[in-house]
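Student: I am new to this structure and would like a close look at a single part of it, namely the largest pocket and the loops of the chain. Could you take me through that part slowly, beginning with whatever I need in order to place it?

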Amino acid sequence: MRGKDKKAHSPSSPGAGLPDVVCEGPGTPYDPHRSPQEQESSCTHLYERSSAGQPRNAYRVSVTVVWGATWRGSGGAGGPLAPISRSTSYALPVAEAQALVTD
């Protein structure tokens, strides 16, 4: 039997009623040799406001990863397997810094 796996998609909720983010494909792995500014990928959410004022001063973030796979046997039979998903949620405090530039 031969199998092929692939990540179908990763829906996530950034919290506070913000729109969900759905990422297709396997995503971009974290690279410890790159700066935080270079870690951005095609599936990134930018918080434009601090989490001050949110319950416990943090956004409640939920992330789900959905995996799909197909299989094919030596006799030619095969097909998709049922998707498997794993979810987690966590508190994400977001700080904000403001600056005034004068000449």
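Tutor: Helices and strands here are DSSP runs, a helix having at least four residues and a strand at least two, and they are numbered from the N terminus. The model is a predicted one, and by that definition the chain has 0 helices and 4 strands, so that the order of elements from the N terminus reads β-β-β-β.

Before turning to the pocket, it helps to have the outline of the whole chain in mind. Taken along the principal axes, the C-alpha atoms fill a box of roughly 75 × 30 × 20 Å. The radius of gyration of the chain is 19 Å, whereas a compact globule of 103 residues would have one near 13 Å. Buried residues account for 19% of the 103 residues. If one takes the contacts between residues at least 6 apart in sequence, 59% of them join residues that are at least 24 apart.

Now to the pocket itself. The largest pocket holds about 680 Å³ of space, and of the 25 residues that line this pocket, S12, S41, C43, T44 and H45 are the closest to its centre. Strand 1 (2-13), strand 2, strand 3 and strand 4 (78-92) each give at least two residues to the lining, and the largest share, 4 residues, comes from strand 1. Sorted by character, the lining residues comprise 13 that are nonpolar, 10 that are polar and 2 that are charged.

From the pocket we can pass to the loop between strand 1 and strand 2, where L18 is found. Leaving out neighbours within four places in sequence, L18 is in contact with H45, Y47 and Y59, and H45 has already appeared among the residues closest to the centre of the largest pocket. The C-alpha atoms of L18 and Y47 are separated by 9.6 Å, although these two residues lie 29 residues apart along the chain. L18 counts as partly exposed because its relative accessible area is 31%, which falls between the limits of 20% for buried and 50% for exposed.

A16 has its place in the loop between strand 1 and strand 2 as well, and its backbone deserves a second look. Most residues other than glycine have a negative phi, yet phi of A16 is near 55°, a positive value in a residue that is not glycine. With a relative accessible area of 45%, A16 is partly exposed.

The loop between strand 2 (21-24) and strand 3 (59-72) is the next one to follow, and Q39 is found there. The side chain of Q39 reaches the backbone oxygen of D31 at 2.7 Å. Not counting residues up to four places away in sequence, Q39 touches P29, Y30, D31 and R34, so D31 is both a residue that Q39 touches and the one whose backbone oxygen the side chain of Q39 reaches, the distance being within the 3.5 Å limit for a polar contact.

N57 also has its place in the loop between strand 2 and strand 3. Phi of N57 is near 55°, again a positive value in a residue other than glycine, and N57 counts as partly exposed because its relative accessibility is 46%.

Technical notes: Residues are numbered from 1 along each chain as its sequence is written. This is a predicted model: local features need pLDDT of at least 70, side-chain atom pairs count only at pLDDT 80 or more; totals for chains, interfaces and linings use all residues. Side-chain values use heavy atoms; hydrogens and water are left out. A polar contact is a pair of N or O atoms within 3.5 Å; within protein, one must be able to donate a hydrogen and the other to accept it, and residues adjacent in sequence count only if both atoms are side-chain atoms. Contact means heavy atoms within 4.5 Å. On a 1 Å grid over the protein atoms alone, a cavity is a set of points where a 1.4 Å probe fits but cannot get out, and a pocket is an open set with protein on both sides within 12 Å along at least five of seven lines; lining residues have an atom within 4 Å of a point. Grid points are joined across faces, edges and corners, and a volume is the space filled by probe spheres set on the points. Ala, Val, Leu, Ile, Met, Phe, Trp, Tyr, Cys and Pro count as nonpolar, Asp, Glu, Lys and Arg as charged, and the others, Gly among them, as polar. Buried means under 20% relative accessible area, exposed over 50%, partly exposed in between (1.4 Å probe, protein chains only). The radius of gyration is taken over C-alpha atoms; the globule rule is 2.2 Å times the number of residues to the power 0.38.
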